[in-house]
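Work through the following exercises with the sequence and the structure open side by side. Each task is followed by a solution that proceeds step by step.

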Amino acid sequence: MDVTSFKPLWLSLCVALAACQSGAGQPAANQAALHLSTATAAPLEAESAQLIGTDKFWPGASQLLVRPDSRGVELLDAQGAPLSAFKGRFEGLDHRASEEGLLIATLDRKRQQAVLLGLDRQHQWSQPLYVPKTNFAIEGLCLYRDAGRNGYLFLIGEDGIGEQWLVSAGQKLLAAPQRVRGLSLPPESSYCQVDDQAGELVVNEENVGFWRYAADAEAPLLRHPIDIVQPFGGIAEAAAGMALVPGGMLALDPEAGALHLYRRDGDAWRSHQVIALDGFDEPEQLSVRLGEQGLDLLLTDEGGAHTARLDWQPEAPSATPVIPMLPAMVQTDPVPHLGDAADDPAIWVNPTDSARSRVLGTDKKGGLAVYDLIGKQLQYLPVGRLNNVDVRSGFTLGGKRVDLAVASNRDHNSLHLFAIEPHSGEVSGIGEIETPFNEIYGLCLFKDRRGAIHAIANDKDGTFLQYRLDGSGSSPRGEQVREFKVDSQPEGCVVDDRNQRLFVGEEDAAVWTLDLRSDAAALEKVIDVGGPLHADVEGLAIYSGAAADYLVVSSQGNDSYLVLDARAPYAVRGAFRVGLNAERGIDGASETDGLEVTSANLGGVWGRGMLVVQDGRKRMPEGAQNYKYVPWTAVAEALGLD
């Protein structure tokens with residue numbers, strides 16, 4: 001690709017780049033130049049080499065090499081003596097070490113497949129675990145371990161194609177790798193590394209620079225520049241291998257014979273210094289380990305792996321609170337439509353057999369799906385673009401007792417009503433109620449003290465209308481009984497029937513509450529956006545427990561779920577995320593719109609109830625959106641709830 005074609009992009013990004021700072025790459029006047037000392041010993045014969053950060057699984061283990069020819073992968077001690085080896089023809093290397101052992105990723109040159117190797121505390125090698133063949137030539141690979149200790153492998157190709165694979169749960173290799181997602185990466189990429197703590201993937205683009213991405217499988221695929229080539233950045237000629245340490249990154253420009261040092265500054269990287277690499281033959285690979293006197297380095301060039309030491313220790317960033325990651329226990333069949341389709345779930349509890357309860361989920365491109373407790377779709381009603389749905393039991397329709405589901409129908413700006421047969425759970429449409437809305441959006445139900453069911457719906461302009469529903473005639477009717485408004489776009493809402501209190505989410509602003517026992521229309525603020533709550537504020541749900549009631553909020557901006565007391569002063573009890581379940585092959589949930597929770601005993605793992613969340617980014621495999629189920633027990637244990 002003609003590099004000059006990137007110049008308009010570079011110009012627009014220049015202000016965000018480390019190298020665009022005045023004097024980038026050069027030590028400041030009051031900043032001492034760093035010193036790189038190299039060993040006098042001959043370089044290690046290796047095609048790839050990495051330093052090992054911990055030797056707790058094998059005392060004395062220091063280095064990991066991919067040897068030339070067919071000598072395979074070798075583990076060496078600090079003096080360069082071999083401790084163990086796995087024979088084969090390999091190229092490329094990455095690893096993760098822990099007290100339990102070593103996880104190694106490399107490329108089998110003969111088979112042209114990525115392969116995973118394990119070395120345990122008993123010094124036994126695992127059987128090689130091969131990743132299925134890709135439809136592109138693999139140029140580079142790197143490992144990532146997330147907060148849930150799931151192991152992933154990134155594969156990158158020269159033509160801007162990449163993939164992310166789930167390969168281990170903890171230190172244990174899976175029986176078969178699972179493809180998580182495809183990646184659109186820069187062309188001419190051969191090297192990558194991941195900062196596990198920050199969850200950040202760094203990829204080179206040889207003639208352009210270095211880019212960073214969020215590594216988490218549920219994150220959006222957005223790239224941000226770290227540094228680019230001159231004249232718009234600080235790299236003289238080319239970008240090759242890199243290494244990440246807490247608070248810092250080291251990266252190679254092999255053609256200029258330079259080692260670039262970068263420091264983390266909040267959510268960005270800033271250039272610190274550039275060190276000339278005299279006496280090296282275009283080094284392209286780099287490995288770094290924290291040492292007592294600075295950083296230990298392995299620099300691999302045409303002559304092999306050279307040991308060196310750099311008298312620099314970047315300041316490690318302060319630890320950020322870790323949000324607990326709870327694995328999804330069940331996922332539903334996907335909704336029929338691709339793209340942003342699934343939106344809001346509701347849970348119907350079977351009054352006679354809770355194991356036959358149902359989850360209703362809207363497909364805002366076509367209708368309403370009905371699922372059982374193992375996620376199988378039992379019904380699909382193609383009635384139009386339904387956005388939000390809620391259920392209540394005990395509605396009288398033409399003299400017959402049914403349970404009721406109501407959804408906001410965006411095709412007709414109406415309340416769309418459905419009857420749920422109380423014994424079978426069969427769902428059927430029973431009519432619509434017109435509203436004056438121009439863009440109906442969110443909706444929730446509640447049952448008042450007299451047993452009447454009300455629907456509260458909102459318009460994108462912030463207007464809320466409350467209707468008392470009546471099924472005494474041949475078709476259902478709604479009587480408007482209240483109107484109120486928020487300043488900007490709302491969507492999610494929920495009513496705590498036990499305390500007759502409404503909670504509404506104003507997407508970019510706050511969560512509000514309203515006492516429904518009076519005719520009041522003045523809202524009281526529960527929590528602002530900012531701090532633990534990240535816009536957009538989306539789905540809201542109430543957990544009505546034996547000892548306490550909780551409000552659950554979809555904090556969409558950071559892919560988490562916030563739990564608050566459902567009574568004033570609405571104390572925040574904590575946040576959690578819904579993560580990948582490696583054992584069951586279920587991806588996590590992110591960019592969640594709607595959610596629902598019940599405290600009903602649905603049997604088995606659902607003994608204390610169930611949380612259902614919409615998954616905005618379907619992974620493993622990629623496809624249409626669906627819904628994820630999480631046992632409430634897991635939420636309660638993670639956050640210490642009553």
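**Exercise 1.** List the residues with which V203 is in contact, leaving aside its neighbours within four places in sequence, and then place V203 in the largest nonpolar core.

*Solution.* In this predicted model, V203 is in contact with I156, L185, P186, S189, Y191, C192, G209, F210, W211, Y213 and M242, once the neighbours within four places in sequence are set aside. The next step is to turn to the largest nonpolar core, which has 24 residues, and in which V203 belongs with Y152, F154, L166, V194 and L201 to those with the most contacts inside it. At least two residues of this core come from each of the strands β10 (138–145), β11 (150–157), β13 (172–184), β14 (192–195), β15 (200–205) and β16 (209–214). Another core, of 23 residues, lies apart from it and includes A328, V552, F576 and A636.

**Exercise 2.** Decide whether H260 and L250 are buried or exposed, and describe the surroundings of H260.

*Solution.* Begin with the strands: H260 lies in β20 (residues 258–265), while L250 lies in β19 (residues 248–253). Buried means under 20% relative accessible area; H260 has 3% and is therefore buried, and L250, with 0%, is buried as well. Beyond its neighbours within four places in sequence, H260 is in contact with D227, G234, I235, M249, L250, A251, D253, Q273 and V274, so L250 appears in the list of contacts of H260. Two C-alpha distances complete the picture: H260 and A276, 16 residues apart along the chain, are separated by 8.9 Å, whereas L250 and Y262, 12 residues apart in sequence, are 6.4 Å apart.

**Exercise 3.** Determine which residues are in contact with D343, leaving aside its neighbours within four places in sequence.

*Solution.* D343 has its place in strand β27 (residues 342–348), and at 2% relative accessibility D343 counts as buried. With the neighbours within four places in sequence left aside, its contacts are T362, K364, N387, N388, E491, D593, G594, Q614 and Y627.

**Exercise 4.** Find which residues of helix α2 are buried and how they are arranged around its axis.

*Solution.* Helix α2 covers residues 632–639, and W632, V635, A636 and L639 are buried in it. Viewed down the axis of α2, these buried residues fall within an arc of 95°, so they line one face of the helix. After α2 comes G640, whose phi is positive, near 65°.

**Exercise 5.** Compare the radius of gyration of the chain with that of a compact globule, and then describe the chain as a whole.

*Solution.* For 642 residues a compact globule would have a radius of gyration near 26 Å, and the chain has 28 Å, which agrees. Along its principal axes, the C-alpha trace spans about 95 × 50 × 45 Å. The secondary structure comes to 2 helices and 49 strands, and 58% of the 642 residues count as buried. Of the contacts between residues at least 6 apart in sequence, 50% join residues at least 24 apart.

**Exercise 6.** State where pLDDT stays under 50.

*Solution.* The chain averages a pLDDT of 93, and 95% of the residues score at least 70. Over residues 1–16 pLDDT stays under 50, and the model has 19 contacts beyond four places in sequence for them. Over residues 18–29 pLDDT also stays under 50, with 21 such contacts in the model.

Technical notes:
Residues numbered from 1 in each chain as written. Predicted model: local features only at pLDDT ≥ 70, side-chain atom pairs only at ≥ 80, totals over all residues. Heavy atoms only, no water. pLDDT = per-residue confidence, 0-100. Contact = heavy atoms within 4.5 Å. Core = buried A, V, L, I, M, F, W, Y, C linked by side-chain atoms within 4.5 Å. Buried < 20%, exposed > 50% of the residue type's maximum accessible area, 1.4 Å probe, protein only. Helix = DSSP H or I, 4+ residues; strand = E, 2+ residues; numbered from the N terminus. Rg over C-alpha atoms; globule rule 2.2 N^0.38 Å. Arc of directions from axis to C-beta.
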